[in-house]
Every structure is written in C-alpha cells, then in structure tokens.
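I opened the notebook to go through the strands of this model and their pairing. My entries follow in the order I looked things up.

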Amino acid sequence: MDNKGYVMSIFSFLLILPVFILLIVMVDVVGQENEIQQSTLNSHEILVVSQDVEVNSLIIGREVLRDESLKVINSGHPLSNSRKEIKDEFQQRMDLFCSRYPANGMEVKCEILRVDNSYDPFSVEFKSKITVEKGALKHKLNMSHNISLTNGSYPIYDPLPSVKCKTHGNMTIGGDRIVYGSSLAKYLESRGVKNFKAYENATSPLSIKKCPYDPYILHGNSKDLVNLKNCIENGFYHESSDGSCFLCRLEGKGVCSHYGMETFIIPAPSLSLSNNSSKAPSSSDHVIFNDTGDGTYSGQEILYFFDGKEYFKLYLDNSHRSKYGLPVC
Ligand SMILES: [Zn+2]
Ligand SMILES: [Zn+2]
C-alpha cells in the first residue's frame, strides 16, 4: 500500500466517524425517550389510582358512618369512642380496598389519620394520606374531606333515640319516623321528669335531613304555622349549639360541647284541645335527651295544626320559640 492508500483510508474513517457518533447518540436518545415515556405512563397511572382511592374513600367513609349508626340503633348500645371506632373501621375497609392494586405492580396505601367534627354539623371530617408507588415513582397526597350526613344516595339515621329509649320499651319505625310507644315516656319517668305522659306515643325523625327553612325564624312566618308543620312532617334537623353532634349521638350523648343539631320530638295528636297553658318537657330533642342533671326543662304548648279531628301540638320554651320565630309567652 502506498502513502496515498493510507491517506484515503484515514480520510474515509474520518468521514464515517460522525455517522457512528450520530448512531450512538440516536440510540441513547431513543433509550431515554423510552424511559421518559415509561415514567410518564407510570406517573399518569399513579395519578389515576390516587384519584380513584380518593373518590372511593369518600364513598367508603359514608358507608362506615351509616353502618356504625345502624349498629348502635340495632343494639341500643352506644360506641365508647366514636371517633376512634369509626377511624379504625374506616382504616380496615381502606386497607381492603387498596389491597387489590399490588396486582398492577403498584403499592397503594390510604392511611386514615383522623375522624372528627367538621365546622358543619351535617358533615363529619376525615383526614387521610394516600401513597401510591410504582417503580422509582412515588406519589403522596394529604387530604381533608367532609362526608355529608344528609347528601347521598341513602339516608343516615340518628342513633340517639335508640340509645336512650330501647331499654324502656318497644320502639317501632313508621315511614321515616320513630314511633316511641311508651318507651320515651318511661325513659322520662325513670329520670323523674314531670309530665312525662305528654310523650306517650310520641314520634321523631328517623333519618337526618337538614331543614331548608333558614333563617329559622321562617318557621313562625305565617299565621297558620304552615312552615313549622311542614318542617315537623318532613322530620328536619336544625343547627344548634346546645344539641349534640352526630359523633356524640353515636356515644349516646344528648348534649355535648361541639356545635351540633336538634330536631323536634312530637307528642301524639289529641282528640280534644287542652287549655293552652299546659306544660310538658320542651320538644327539642336536646332538652328531652339531656340526662345530665336537670337538663330537661318544660315548655308551653303550641298548637300547629288541626285536621278537623285531631289537634297537633308540641311544647316549646321561650328561647326555642324565639329561635324559630314563634310567639313567646
Ligand atoms: Zn325546621
Ligand atoms: Zn359532640
């Protein structure tokens, strides 16, 4: 080979070199792209799973509230620490829910950190931490949600009447109302409350529904008290700083320190009109179920409806009359 030959092959090598370098760079770029695509896919999947867990935690949480309430209603035994018991049950159900994910090579956890009162007495708040991991990717999300007691595809029942009255006699359910029979009168009698007989065959709402007559003075708005009548017939609940909250109702407390709710307990209608100054325990449930000392005070009768045969009435003290816009006495 002469010198010319050497020069030619060095020259052709120099010509080919950039092609090699370009090929190596391209292979590397494709590899990186594959990695990026894979990690984009993974992170998209992780976000979808995390949202799935979040949405389902709201559904599962509401089921826990319903089931714990039914458990108390059926047994008549209150929970000793509703916040903890609901949190534990909620955690168990979330663990079960999350356990179906590892099949995708994914690790999913939802830790229930806390179950407690919400600022809204018609909701229960929970805090949770969702962690989703796949490969080198990890997604963490701290959440706080309110579970509504009133807005949902099924109602949530008030557990308090059962805890207070179940041991005092038969209670039945008629439509969406609790029919106390003699149990409520006997419960009041056992506490030495005067005029307990006024609550023989009384009724109160079964499920928790928020009253739309807001501001509450609208109840007494019209002369024939039609709003009050509608509120009672629908079994609505009202916000109340004296009434107990849902979580304390599960513990059988008629009153508590939290911002809570109240509803009316309605005496059975009567065939004759008693004199209008008759008195009996005031018909707010937090008055009737307040068994801490002398918590049950009396109220004066209000006739809110006459159907041509029977007189429909309740008893209210002046502070509740003012709250609902009814005439004070
Ligand atoms: Zn109302
Ligand atoms: Zn409470």
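How many residues lie between S1 and S2 in the hairpin they form? I counted 5 residues between them. I note at the outset that this is a predicted model.

**Entry: the sheet of S1, S2 and S3**

I looked up the strand order next. It reads S1-S2-S3, in an open sheet of 3 strands with antiparallel pairing. I then checked the edges. Strand S1 covers 107–117 and strand S3 covers 137–148, and these are the edge strands. Each of them pairs on one side only. I also took down the twist, which averages 15° from one strand to the next.

**Entry: S1 against S2**

Strand S2 spans residues 123–134. I found 10 bridges joining S1 to S2, and the two run antiparallel. For a register mark I picked Asp116, which stands opposite Glu125 in S2.

**Entry: S2 against S3**

I repeated the lookup on the S3 side. Here 12 bridges join S2 to S3, again with the strands running antiparallel. My register mark is Thr131, whose bridge partner in S3 is Lys140. I then went to the turn. The hairpin of S2 and S3 has 2 residues between the strands. In this hairpin I noted Gly135, which takes a positive phi near 60°.

**Entry: the two faces of S2**

Which residues of S2 make up its covered face, and which its uncovered one? I listed Val124, Phe126, Ser128, Ile130, Val132 and Lys134 as covered. The uncovered face holds Ser123, Glu125, Lys127, Lys129, Thr131 and Glu133. Two register marks from my earlier entries sit on this uncovered face: Glu125 and Thr131. Glu125 is the residue opposite Asp116, and Thr131 is the bridge partner of Lys140.

**Entry: the sheet of S9, S10 and S11**

I moved on to another open sheet of 3 strands. Its order is S9-S10-S11, with antiparallel pairing. Why is one side of S9 and of S11 left without a neighbour in the sheet? Strand S9 (279–281) and strand S11 (311–316) stand at the edges and have a single partner strand each, so one side of each has no neighbour in the sheet. I read the turn between neighbouring strands here as 50° on average, direction ignored.

**Entry: S9 against S10**

Strand S10 takes in residues 298–306. I found 3 bridges between S9 and S10, which run antiparallel. My last mark is Ala280, with Gly299 as its bridge partner in S10.

Terms used:
Residues are numbered from 1 along each chain as its sequence is written. Chains are lettered from A and ligands numbered from 1 in the order in which they are written. This is a predicted model: local features need pLDDT of at least 70, side-chain atom pairs count only at pLDDT 80 or more; totals for chains, interfaces and linings use all residues. Two strands pair if DSSP finds at least two bridges between them. Helices (H or I, at least four residues) and strands (E, at least two) are DSSP runs, numbered from the N terminus. Axes are lines fitted to C-alpha atoms, for helices over the stretch in contact, and angles run from 0 to 180 degrees between N-to-C directions. A residue is buried if 20 or more other C-beta atoms lie within 10 Å of its own, exposed if 12 or fewer, and partly exposed in between; C-beta atoms are placed from the backbone.
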